[in-house]
Structure formats: C-alpha cells, structure tokens
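Let us work through a structure by question and answer. Keep the sequence and the 3D view open as you read.

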There are 2 protein chains.
Amino acid sequence: MTLTDGRRPGSRGVAADHVSLRRNNLSVVLRHVRDLGPRSRARIAEETGLNKATVSSLVAELVERGLLREGLADSSRALGRPGQLVELDGTGVCGVGAEINVDYLAVAALDLAGDVVLEKRVPVDVAHLEPGTTLDRLAELVREAVTAVDVRHGELAGVTLAVPGLVQVETGELKLAPNLGWGELSVAQEMRRRLGEPTYPLHVDNEANLAALAAYAELRRTEDESLHDLVLLTGAVGVGGGVVAGGHLMRGGHGYSGEVGHMPVAPPGRTCGCGRTGCWETVVGLTALLHKATDRDDPVRDPSLDVEQRLAGITRRAEAGDPRTLSALKDVGTWLGIGGAILVNILNPDVLVLGGYFAVLGPWLKEPLEKAIQDRVIAPDGGGCRVVRSELGFAAAVRGGAQISLDQVFVDPTRIGATP
Amino acid sequence: MTLTDGRRPGSRGVAADHVSLRRNNLSVVLRHVRDLGPRSRARIAEETGLNKATVSSLVAELVERGLLREGLADSSRALGRPGQLVELDGTGVCGVGAEINVDYLAVAALDLAGDVVLEKRVPVDVAHLEPGTTLDRLAELVREAVTAVDVRHGELAGVTLAVPGLVQVETGELKLAPNLGWGELSVAQEMRRRLGEPTYPLHVDNEANLAALAAYAELRRTEDESLHDLVLLTGAVGVGGGVVAGGHLMRGGHGYSGEVGHMPVAPPGRTCGCGRTGCWETVVGLTALLHKATDRDDPVRDPSLDVEQRLAGITRRAEAGDPRTLSALKDVGTWLGIGGAILVNILNPDVLVLGGYFAVLGPWLKEPLEKAIQDRVIAPDGGGCRVVRSELGFAAAVRGGAQISLDQVFVDPTRIGATP
DNA sequence: ATTTTGTCTGTTGAGCCAACAAACTAAGTT
DNA sequence: AACTTAGTTTGTTGGCTCAACAGACAAAAT
C-alpha cells in the first residue's frame, strides 16, 4: 500500500520522500533477482519497468552493500553484446532462528540466498526444567549460530525465537505456553539480557506462524509464484495452525490467531489438556492416534521413547499393512479433514500444508483427509485447495525464524552494509 | 509494502518514480484528513512528518481536484496566527454500491465523506425470476443512482455489485449462488452491457465481504482507530461470514473465503440446504430459530410474511418475556458462540460483528454468545474479542460496495479531477 | 553492419530547508 | 482605553538536493 509501512497493518500509509523512494526501488531490484534468478541489468530494467540507468545505479549500491554480486557473462541471447549477470550474494548477510519446543531446542542460520549455514537440534525435556535454565541453554545455541555467522564474515540481520504458545509479537512477551508449562514471561527481554544486550533485532513469534512462513517461502520457491494463501497444520501432542493470507502472516488483533487445536468438532470423548471435551486435538493429536492404534502395553507407548521413535514404529506397521494401524490412520485422516474443511471454508487457502507428525504419516493420512475436505467444502472443487506434505520436518520453525529476519533486509536493503 | 501495489497481495512490489511518490503523498494527506478530521496545513505537516511546504503543495493539488476544500479559520490554539482548516470535500466524488439478495434489490450512493446521497431498496423475489430479468431491474436501480450522482455534479468513482455467493473478484464472474438458485454467470459483463459499457470501474464482490468492509469503516470511524481485525456474521436463512484481517479484506486464494455457514459443528439433526447434516446454519439460521421458537401452525411462520415481519413477531414475544421464545434465543445464542469461538480461535479478531437478523435479535443473543466464546477460546480473556451489533442493517453490503469504490480514490487521488 | 549492453550527461520533478511576511495574542506603556 | 511591542504560529517562496528518466554513445558480441 505504501512505501514504508512494512508490517503495521491497515495503517494510514506513511509519508514518502527521496530516501524511501530509493529504498523501495532497491528492494524491488533485490527481490526481483531473488525470485527470478540471476539476470542482466538490461533485463531487470525491462522486467521491472525501471530505467536502465536507474537499474545500474541501484545494482551498484546493492553490490556495494554486499547483497548482490556480478556473475558470469550471459550468453543466452543470440545477438548483441552479452550482459553481465547479476545474482544474489548470499555470503554477506545471515538470519538466525531459534526454537523452544516441548522436547527439544533448535537453532538455524540461513544466508540471504536461503542456504543453510548451520542447523542444530538438541533434545531437552523443557517441561521439567526451570524456564530460566531452558533460556540459558537456548542462549548458548544462539551464540553458536551467531559465531558461525561471524566466522563466515556475514552481517547478522536478526534473530527470531519460535515458541509454541501465545506470543505478543510487538513486545516479545509470552502470554501462555501450556505445553511447556510456562505462563507469562518476557522471553525477548530475558534472551536479550543473556545475549549481552545485542545490537541486532531480536523478535519472538509463535512456532506455527513461523513454520507457516517457512512453508510459504519453500512452496513459492519450488512451485508456484502465484501462491499467496496457505494454512499449515503442525501435528504434535497438540495441533498448531499457522495462516498466510494474501501473502502476509495472519496474526489477528492480539496476535493470538491460528489456535486451531481446540475447535470443538469431535463428539465428547477424552478430556483435552485445556479441560474441555470435543477439541479437535483430542481426535487428531499424536496421543489420539496412539490410543486408536495401540493397546496400553504396546511397546511404542513405552515412555522412554521419543516422538520420532514412536513414529518410526507406526510407520513400520503401516508399511507392513497392519490393519489396526491402517484403520487408526484412516480415522485420524478423516478427522483431520473434518477440521481442515472448516479451515478451508473460512480461509480458502491455495494449499493446506501438513507439518510435524502429519507430514511423517502423510502418505496414509492424505487420502481420507482429501476426501473429507472434498465432501465438506462448499466452494467448487474444494475451493481449489491442494494438500501437501511439508519437507521441512522439525526444522520448519527455525527456518521460518531465520527467514523472517532476512525478510527485513529484502524490505529495506539499506539496513545492511556501510553507509559511508 | 510498496508505493503502488494497492491490492495485489504478496506481490513483489512495484518500481516507484516521482509520479508514484507524489501519488503516495497525496493519498497520505487525503486519508489523514478523512480519518482525523479537519485541520490546518501546519498540523498535517507536523502529524504526517511531511514538510510544511510539501503539505501546502499537496493540499493545493487536492483542492484543485475537488477532494479537499478550505474551511473556517482554526481558533482552537491560543497563541499565534490561526490556521485555515482543510477538510474533506464530499461533494466532488461519489461511489455506488448495489446488491442482489434473495428477496430484495438495493442500491446506495455515498459521497467521499461517507454521507448517503441515495439509498433505495425494493422487494424482489429473485429466486423466482430469470437472472436476466433480475439484472435488468438492478441495472435500472444503478442508473437511478448514477443519475443522482450526476445531478449533484459529482464524479463517479465506481460501482460495486454485492452478490450472496461465490464470486471471482478479478473477472466479476459469479461461480455459485445457491440461495438465488444461480449458477455460473458473468455478472460484471452482463451488467456492463446493460449499462451501456460505462467508463467507470464496475466490480462484483461477495455480499458478506462488503458488509464486513462497511462494518470495519463504521467501527473505525466511530470507535477505534487501532481496529484492524474483524469478523462479521450475517444471519439470514443461511449464515454468511466476512473477514477483515490486518486491515485488509481476506479473500482467500480463489476468493471463496468466509463460507462459515457449513462448518460441521452441530449434532446431526436437520438436513442443510447443502445436503449435509450438522452444518452451523442448521442451528443458527433463521429457520432453526423459527423451528425452535414456534409450532408449525404459528402465525409468524405464515409464508406470506417477509423476514422483517417475522423478526418483529419474535421481538415482540421476547420483549413480552415468552419463555419458549427466550429459550430458543438463548439456544441459538449459545450455538452462535460455539461456532463463533472457532472463528475467534482461528482469526483472533478485535471485534465480532453481528449483522442481518443476528443484529436485530442481538439483545437476546449476545449474552449466551459471549459466555460460549469466553468458555471456548483458548487465548486469555477470549482473545480480547468484543461482540458488537451492526448498526447498518440491510444496507451494510451496498454501503460497503460504495465504500470500496471510494477507497480507490483515497489510494490514488489522481484518478479524480482534470489533469490539464 | 547490426544488435544488445551498460554507462554517461543533462533534464525533470518532488520533497526539504531556511527565510519571511502575515495574522494573531499577550503584555506592557502612555 | 488606545497604542505599541514582543512573541508565536501559519503558510508561501526561492534555492537546493536527490533520484529517476531520456537519449546518446562506446563496448562487445554475431
């Protein structure tokens, strides 16, 4: 809508001057090269509508700032002088994402091109630790990532922390994280203190939101540029939802959107962690699957096993064609579709992305899920919504966190590089 | 995000030049005056961050275009030379909205200040007419509105048609309108032909979407500038939903968002119009209320009565304290809250607006509704969501249609007025 | 010779800055 | 009470800067 708003939603736009004009056009060129790949200045000019001379000047500044670099000569066109390819220079800038989850901590550093500089995940039983202790260990991971960025001589665009709970994004305060057993806590402030009041931006966001953003970036990169609306469902003990609508992360009025796990869609059965019955996650959460597929004394329910080991067990049985496992998966898939249909009716996304354990067991869930959606969505052909498994696994949130930090650079390239 | 994108979601921004810079700042000043009321140039400069001289130049151009005008002297400040107030000039430009609904056609013309120039509603039994006949009669109404704008010497910013169905906004094609009994139909093309291929922009949109937009504009005007997220529920035979997220109308990937009526939340009871059972509208639609509150031979079920007469009957009984009516209303209110809680959990709006018959019976629905939401929303304090009755009644969609046409002028004021 | 690229030069247009005249209030002076 | 003076705020003017644009042109290929 306006030159400089960036985040602030529905804002009345912001007065623009020469500086913001320049900033806008730097951003346009930088994103053009990111999205459409290396190309000559002349071609950028042609495609963006900017003047050739202007593109030259913009590219020069972006090269100066270490965001673009000159590549090979472009010999693709038959006639005339070949152009000098201009491409994204990944090495200059990195973003870092870090995640606190129920049974692990994780961190990732991505460079500007989206390539992984460092990715690390350590199992931690967060619910049985003091929050302070967990934050100490997370800070240690973040320091590692920052060091890795330093070693690479990259500038750090920012750090974003992913938390499975209700987060006030503006202040970085956590309101509630039931699965961690955490209440109100100023995560941003605590982390800044532990990291020695760093100068780079540090934000906190909801884990499913960041995972949705990562999936969005991934799908646009690999498949479809015209994709703007997406819903991501992460399956764990609970169910998290992240929504990208019109190309923007949907946060809601107070940042509490996407809480899909407690939609009352199931018949009153087992009591949910929230104290109610009939919540969606009581029929599609991992616990629900285990109860349907196994008896109490089944080895995959052994408390010493972690999530991945359990999933491996279920997968093995499904592959072997075990009828009870297959029936439980079909059941969960159908319930997933019943709730999914609600989301599709309300949000009409282009894609429904399965993350977390839903992605792992996707091959068996997808068919009943798609059928349930087709049956229940009122728009023709299910509103044109496809179901896709996320490829990112448990790294989705940290990748999204790193991505969102890097996004700021693409919105305002003047954040980076010396201003002599 | 960018200077010129306007609508296109998630787009890679657009190259900006001096013209777009100027356009942006014209828009900033115009919207500033609209939203914050008449004020002096000096104050506009101070509040927007633009330079005094620049504001003078921008105001001069906007006055030239007939969008602003000079008002009285501002004697509110104690010291110094009093400023000349600059205010919105409503007279210059108008927008028109028109609506096709199950039992009426309607039209409205609003001027730039949002004041009503003309508003008209005629009962028509659309489902029993040929679509062509209905469009003929709607075209007649639109011509009346356009004439009213002409008489006022106003420039016409655009016409937007509201339809209760699935609409492809870009092309103006209707895909499906079950309540009208209409299938695929290029409404925009048909209307353009009937209006003699007019030069002004003509768009088609979903009725609930436009109603949501009207409610959004109304609430921001009267209450709260910081409001950016809203859900509107229109109660009729079915239930429609419109969503404003982050200050933008949420349309979904294919424009089919907000179809909330068929969320499967109720126990399998009466069969819904869509052929399934358990749809939300089978427990909160007007039909459901009538079945709960009255017997088969009750006078308010007389087929010769229209919606408003029926509602008047129910209201009378509720006011008189009739126990069966009150119990039915409480029931519907609770179910409204159960579905509403799903929406609030997913979207976390600042406000849930009750439109259509929900607004009329709001006094009795609101309490059980709010309780159901408080009980079911996972975010603290119901996610901070208030429940509000819409004041706009059946005019909401046409107002929203007129508004959305006018919005284009606020985004790009250079659309209007001679460019000598 | 032709075509395409990328740079250079001068022009245009819009916002910024500083100075200033105009219009008003407040307070002192006659 | 009438007049003067100082102080404040408004809105305009002229000069400056910055960024995009248009067109010319050299370089590098076929």
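The questions below go from the protein contact to the DNA strands and then to a salt bridge.

This is a predicted model, where local features need pLDDT of at least 70, side-chain atom pairs count only at pLDDT 80 or more, and totals for chains, interfaces and linings use all residues. Residues are numbered from 1 along each chain as its sequence is written, chains are lettered from A and ligands numbered from 1 in the order in which they are written, and side-chain values use heavy atoms, with hydrogens and water left out.

Q: How many residues does each of chain A and chain B bring to the contact?
A: Contact means heavy atoms within 4.5 Å. Both chains take part: chain A gives 67 residues and chain B gives 70 residues.

Q: What area is buried between chain A and chain B?
A: Buried area is the accessible area (1.4 Å probe) that two parts lose on being put together, summed over both. Carbon and sulfur atoms give 61% of it here. The area between chain A and chain B is about 5,600 Å².

Q: How many residue pairs are in polar contact between chain A and chain B?
A: A polar contact is a pair of N or O atoms within 3.5 Å; within protein, one must be able to donate a hydrogen and the other to accept it, and residues adjacent in sequence count only if both atoms are side-chain atoms. Both residues of a pair must be at pLDDT 80 or more. The count is 18 residue pairs.

Q: Which helix of chain A gives the most to the side that touches chain B?
A: Helices (H or I, at least four residues) and strands (E, at least two) are DSSP runs, numbered from the N terminus. Helix 1 (18-36), helix 10 (323-347) and helix 12 (362-376) of chain A each supply at least two residues of that side. The top giver, with eight residues, is helix 1 of chain A.

Q: How many residues surround DNA strand C?
A: A residue is near a strand if one of its heavy atoms lies within 4 Å of it. Among the closest are A:Lys52, A:Arg81 and B:Arg22. The number around DNA strand C is 27.

Q: How far is the side chain of A:Ser56 from a phosphate oxygen of DNA strand C?
A: B:Asn25 has a polar side-chain atom 3.1 Å from a phosphate oxygen of this strand. A:Arg41 uses a polar backbone atom, 3.2 Å from a phosphate oxygen. For a polar side-chain atom of A:Ser56, the distance is 2.4 Å.

Q: Which residue has a side-chain N or O atom 3.2 Å from a base nitrogen of DNA strand D?
A: B:Ser56 has a side-chain N or O atom 2.3 Å from a phosphate oxygen of DNA strand D. B:Gln84 has a backbone N or O atom 2.6 Å from a phosphate oxygen. The contact with a base nitrogen belongs to B:His18.

Q: What share of the DNA strand D atoms within 4 Å of the protein belongs to sugar or phosphate?
A: Around DNA strand D there are 27 residues, including B:Lys52 and A:Arg22. The strand's atoms within 4 Å of the protein are split between bases and sugar or phosphate. The share of sugar or phosphate is 66%.

Q: Which residue forms a salt bridge with A:Asp375?
A: A salt bridge is a side-chain nitrogen of Lys or Arg within 4 Å of a carboxyl oxygen of Asp or Glu. Both partners lie in helix 12 of chain A, four residues apart, about one turn of the helix. The closest N and O atoms are 2.9 Å apart, and the partner is A:Lys371.
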